[in-house]
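Here are my notes on the two-chain model you sent round. They are set out as numbered points, to be read with the structure open.

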Amino acid sequence: MPTSKPERLCRCAGPNPALAITTRPERKSGSVRDPRYDALAELVLDHSLRLQAGQVLRIEGEAAAAPLVVPLHREAIKRGAHAYAVLDLAGLKELLVAYGSDEQLDFVSPMELREIEAIDASITIWSESNTRSFSRAESARRQRQLTAQRQFGIRRRDRIASGEHRWCGTLSPTEGHAQDADMSLEEYEDFVFRACHVLDDDPVAHWRQVGERLQARADELSSVRELRIVGEDTELTVVVDGRTWRAAHGRQNVPDGEVYTSPVETGINGTIRFGFPAVYGGREINDARLVLENGRVIAAEAAGGQEYLRSLLELDEGASGVGEIAFGLNYEIDRFTRNILFDEKIGGTMHLALGMGFEVLGGLNRSALHLDLICDLRREGEVYADGELIWRSGQFLEDPQPARPAERVG
Amino acid sequence: MADVLVGFCAGVREGDLVTLESSTLAAPLLRELYRRVLEAGAQPLSRITLEPLTENLLKLGNDEQLAWVNPVRVDDVESVDVRIALEAPANTKRLSNVDPARQARYDRSAEPLRNRYLERAAAGELRWVLSAYPTEAAAQDAAMSLAEYEDFVFGAAFLDDPDPVARWQEFGERLDRLAGFLATKREFRIVADGTDLRLVTEGRTWVPSKGRENFPDGEVFTGPVESSVEGEIRFTYPGVFNAREVDDVRLRFEAGEVVEATATRGQEFLREMIAMDDGARRVGEFAFGLNEAVPMFTRNTLFDEKIGGTMHLALGTAYPETGGLNRSALHWDLICDLRSGSEVYADGELVYRDGQFLSGSS
């Protein structure tokens, strides 16, 4: 099942779902109703997808996502849509990767390819009960299986771009995700729902306001020629001249909260240290430090996973180039949880992605990789835009001054 | 069990497209099946069901939504080579309070799809097997503990035998002989307490059901000549359909159609189902249950219709491979225990008494 973001490639392209069975059957059967799941479902349907009566909606995820699948399906039915769920079971893809022949690994379901053409909207729910189930899998075989599935994501991206399809990726809490975040499941649920703002009186209104604010910020950044990022072991200049910044405010990811663009491919120079671990393909890279020259990584070190990092940089031509630069602006997300859906939005951070850029924003870098690396700027970070200080200690200094409000792209 | 299902029942071959369908409760068996299908060189595709979703649709959907046929399901029916489905309910009575009229509308919308499915199966383009993974809900319906129910299921499937496939092959040969014998007969008369029913099977095919499409299995069935069913029948076991039970069902047939239907409980539901469409008041299947390892009623048709010493009639759609012509959104198996005080005559000759075929018939 394609789990990578169709339009923006980053967030969950790497650690693909291990399939999970729910650890809480009482939720699956819906007998213990947690109104926060209902609220998240309504937010996704009404704000992210703006689902209409008569539309066909596919809800995809692992069986462990049942606590969210059931209310999503119910609310979609109430809205007059034709909704159905395509669920995966923990452990099946692991068996495919472990025992499948090349032909079986390469198999692409013709039914699923046809299905993409017939659906108006889809929701991907990340919901793994074991986020490390592929850790011991042979990585070439895993890559082969992922490569075969990639065409689903590509076709879906095309349909989104042409306005035929709407998509949103979100998460339903599991013990596995909680464990990655060093939390109990209860704590993790609190964290997730806070980040999604589903406890607000009117979550849709909240995200609409976030959209307006972030759009103004994106408009302002779109007139900047060069950014300079200064932090601990970090001194990096990034040319963004002519590139469009986009606001991410709960349309394609819930939770959301960032502004991002693809920088000028040859215009990144200096050093950067990423304080948070990067998690990709179920493996961690700790304390990565990169030296970039004219947009290419010329030196890469990491305290943990250095070999893995270097192997990723050699994946293809574009893997050592930069595809994305972004500000994380969701201040309800205040800690690292080993899940890129949340980590890249941590309020007060910036991230840079090696690999695939965003064509729609003018990005030219192409790669099978999209590795998000997150730089914590909350303590002593500074960012200058064309020489002027605009950000210090995890905050923009001024409210955005929309320069060209007509140019909204979100 | 996975070995028998993939190898013996479904006969999975290299290159087959195989869907595996069940709820998450069957996860351990689904994983085994997935692996066996891979080992057979076929392509497994999981189809995981979630019970509350049907409930959402049946309770909240508008007419258009109830009538919607998911193109994804249509594509599966048209495309797959093998379908392995496991019953693994969390709650068999989940839909008990759904409005039967809404349920019927939903069932009718799925009818063309089921007909197409049975058509491909009859033509040999699609192999399928329906089996069961023991769950608490199913055990509860059978009035057993889960451990007892597991023993029952595995026993009924001969999985307690050192060589289950050999047992099924041997049993299958017996069923073949019986089907051959029944095929020589034109007309049947069933006589039991509250029952005196005649029907004609001439020109129709008796199918020995020996562990290919149902597992466990053990019946021979046909589709009777639609207009030939005459007389009355009293079903000893409750009729179980769409999460509802109907007790002590009595039907009277004239020229193949139900003209009177009574029940001590659930009579309204019975009548609504019979009125679902034209085919629902006619008989689509006539069969004998022959699996002696299924001795008792467990409120699950997969097992109940195979109880050794019973016969069943199904109201509604016929299996095309029998030559039966009846079509309906309904297929409701109603079961009659013949193990005491009953006789079956074929072309006037006594061939079956008290739950057993007489010697010479199989």
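How many bridges join strand β5 of chain A to strand β17 of chain A, and in which sense do the two strands run?

1. Four bridges join β5 (residues 226–231) to β17 (residues 382–385) in chain A, and the two strands run antiparallel. Within this pair, A:V230 stands opposite A:E382 of β17(A). Please keep in mind that this is a predicted model.

2. Strand β17(A) has a further partner in β18 (residues 388–392) of chain A: four bridges join them, again in the antiparallel sense. Here A:V383 stands opposite A:W391 of β18(A). The hairpin formed by β17(A) and β18(A) has two residues between the strands, and A:D386 takes a positive phi near 50 degrees in it.

3. Next, a histidine in chain A. A:H370 lies in strand β16 (residues 370–376) of that chain. Is A:H370 buried or exposed? With a relative accessibility of 3%, A:H370 counts as buried, because the cut-off for buried is under 20%. Its side chain makes a polar contact with the side chain of A:E324 at 3.1 Å. In addition, a polar atom of the A:H370 side chain lies 2.9 Å from the backbone oxygen of A:M356.

4. In chain B, B:H312 lies in strand β15 (residues 310–316). B:H312 is buried, with a relative accessible area of 0%. The side chains of B:H312 and B:E219 make a polar contact at 3.1 Å. Leaving aside residues up to four places away in sequence, B:H312 touches B:E219, B:E285, B:F286, B:A287, B:E305, B:D333, B:L334 and B:I335.

5. The strand that carries B:H312 belongs to an open sheet of five strands in chain B, ordered β7-β8-β14-β15-β16 with antiparallel pairing. The edges are taken by β7 (207–209) and β16 (331–337); each has a single partner strand, so one side of each is left without a neighbour in the sheet. On average, and with direction ignored, neighbouring strands of this sheet are turned by 25 degrees against each other.

6. Inside that sheet, β14 (residues 283–289) of chain B and β15(B) pair in the antiparallel sense over six bridges. B:V283 stands opposite B:L315 of β15(B). Helix α9 (residues 164–182) of chain B lies across β7, β8 (219–222) and β14 of the chain, and runs at about 30 degrees to β8(B).

7. Chain B also holds an open sheet of eight strands, in the order β13-β12-β9-β6-β5-β17-β18-β19, and the pairing is antiparallel. Why do β13 and β19 of chain B each have one side without a neighbour in the sheet? Both β13 (257–262) and β19 (356–357) stand at the edges with a single partner strand each, so one side of each stays free of a neighbour. Helix α10 (residues 267–274) of chain B packs on this sheet, where it touches β12 (250–254) and β13; the direction of α10(B) makes about 165 degrees with that of β13(B).

8. Within the eight-strand sheet, β5 (residues 187–192) and β6 (residues 195–200) of chain B pair in the antiparallel sense over six bridges. The two arginines B:R189 and B:R198 stand opposite each other, the latter in β6(B).

9. Helix α1 (residues 2–9) of chain B has six of its eight residues buried, so the helix is largely enclosed by the rest of the structure. The buried ones are B:A2, B:V4, B:L5, B:V6, B:F8 and B:C9. Their cover includes α2 (27–39), β3 (82–87), β4 (127–132) and α9 of chain B. Just after α1(B), B:G11 takes a positive phi of about 55 degrees.

10. On cysteines: how many disulfides does the structure hold over all chains? The count is zero. A:C375 counts as buried at 4% relative accessibility, and B:C336 counts as buried at 2%.

11. Last, the contact between the chains. Chain A contributes 35 residues and chain B contributes 35 residues. The chains bury about 3200 Å² between them, and 67% of that is on carbon and sulfur atoms. On the chain A side, A:H82, A:Q104 and A:M111 lose the most area to chain B, together 20% of what that side buries.

Technical notes:
Residues numbered from 1 in each chain as written. Chains lettered and ligands numbered in written order. Predicted model: local features only at pLDDT ≥ 70, side-chain atom pairs only at ≥ 80, totals over all residues. Heavy atoms only, no water. Buried < 20%, exposed > 50% of the residue type's maximum accessible area, 1.4 Å probe, protein only. Polar contact = N/O pair within 3.5 Å; in protein donor to acceptor, adjacent residues only side chain to side chain. Contact = heavy atoms within 4.5 Å. Pairing = 2+ DSSP bridges. Axes fitted to C-alpha atoms, helices over the stretch in contact; angles between N-to-C directions. Disulfide = S-S within 2.5 Å. Buried area = accessible area lost by both parts, 1.4 Å probe.
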